[in-house]
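Okay, thanks for having me. I'll put the sequence and the structure up, and then we'll just walk through a few spots together.

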Amino acid sequence: MSKLRIAYDRYEQERKRWFSNPMVPTYFSNQERRYVHPFQMYGNVWYVGDSWVCVHLIDTGNGLLLIDAGNCGATAMLVNAIWEAGFNPANVRWIILSHGHLDHIGGALFFRRMFGTKLYLGRPDAEDFQHHPEFSAIQDTGNLADELFVVDHAIDDKEHIDFGGMDFFFRLCPGHTAGVIATFFDVKGNEGVKRAGYYGGFGFNTLQKAYLDDIGDVKHAMRQTYLDSLRKVRDEKVELFLANHCINNDTLGRMERLQKDPSRNPFLDDKLWGEYLDFKRDELLKLMADPAQN
Ligand SMILES: [Zn+2]
């Protein structure tokens, strides 16, 4: 057999191994089926994510800011969505990463290398990229060219950062990962100035017994840390709740309602933030009370 054929067979084997991970067909292969036509949510906030992973674009007037960089393997889609929204991806000056998981950092290095975009991430996850790269799950992307990076700025708790003249206030909300950030900022639109709130990671996949035992958190302390984070930001004023994954605020359902009746913006809802954080608290308490999880 030729060396060429041996190399091909190895590639085929590696693909089979990758596809045998049940996450792959659902979340990582053929991501184009999840393309969402971008839309203006409110004021200068646009949705440029897909039907599973959110990406928000904010036109500060002095450069574009992205909240998250999409899934690994979905960068072409993200670039297309930015163009389709009427913006030039080369004007993305900053990316705030909600947390350091593979489904949110996908386009980060592309934007840095291509356009000089500056990358921001909560400090604990920025440090984990160096010391615990496995927490990012980048090993699951199926693409050996994907790599982690040193951020331009590690975000600390209670930090304010100015992006293009807009003030962003950050809280660290460890739980889903150690470096989940919440961020709050004002958005001007046709119904006045509204306070946007973003909670950067809600999933319980990293709070499961098997996961925590494996990484050495045998007392499952991260669950209480998560509850404390929810409590910390529960009473922030939020009138525009931005999701990390579409499931958090039924992004696509609200999009349809907005498109049917633009006079009533379903993304403006001052109860949703508190209701969703309380829902996650109650779900987490259930998980913590489950004997199979202890
Ligand atoms: Zn995550």
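So, look at the loop between strand 12 (240–242) and helix 8 (251–260): that's where Asp-250 sits. Keep in mind that this is a predicted model. What's odd about the phi of Asp-250? Well, it's positive, about 50°, and the residue isn't a glycine. Most residues other than glycine have a negative phi. As for its surroundings, Asp-250 counts as partly exposed because it has 14 C-beta neighbours inside 10 Å.

There's another one like that. Asn-30 isn't a glycine either, and its phi is also positive, about 50°. You'll find Asn-30 in the loop between helix 2 (23–28) and strand 1 (39–42). Buried or exposed, with 9 C-beta neighbours inside 10 Å? Asn-30 counts as exposed, since the cut-off for that is 12 or fewer.

Okay, on to some strands. Strand 8, residues 160–163, runs antiparallel to strand 9, residues 166–172, and four bridges join them. The two make a hairpin with two residues in between, and Gly-164 in that turn has a positive phi of about 60°. Strand 9 also pairs with strand 10, residues 181–189, again antiparallel and over four bridges. If you want one residue to follow across, take Phe-169 in strand 9: it's the bridge partner of His-160, and over in strand 10 its bridge partner is Phe-184.

Now the inside. Which residues touch the most other members of the largest nonpolar core? Those are Leu-66, Ile-95, Leu-97 and Tyr-120, out of 62 residues in that core. Strand 5, residues 92–97, gives the most to it, with five residues. In general, nonpolar side chains in soluble globular proteins tend to be buried together.

Let's stay on Tyr-120 for a second. Leaving out neighbours within four places in sequence, Tyr-120 is in contact with Trp-94, Ile-95, Ile-96 and Leu-97, and also with Val-151, Asp-152, His-153 and Ile-155.

Last stop, helix 5, residues 123–131. The buried residues there include Pro-124, Asp-125, Ala-126, Asp-128 and Phe-129, so yes, two Asp residues are on that list. And what covers the buried residues of helix 5? Strand 6 (118–122) and strand 7 (153–155) are among the elements that do.

That's my tour, happy to rotate the view if anyone wants another look.

Key:
Residues numbered from 1 in each chain as written. Predicted model: local features only at pLDDT ≥ 70, side-chain atom pairs only at ≥ 80, totals over all residues. Buried ≥ 20, exposed ≤ 12 C-beta atoms within 10 Å, placed from the backbone. Pairing = 2+ DSSP bridges. Contact = placed C-beta atoms within 7 Å. Core = buried A, V, L, I, M, F, W, Y, C linked by C-beta atoms within 7 Å.
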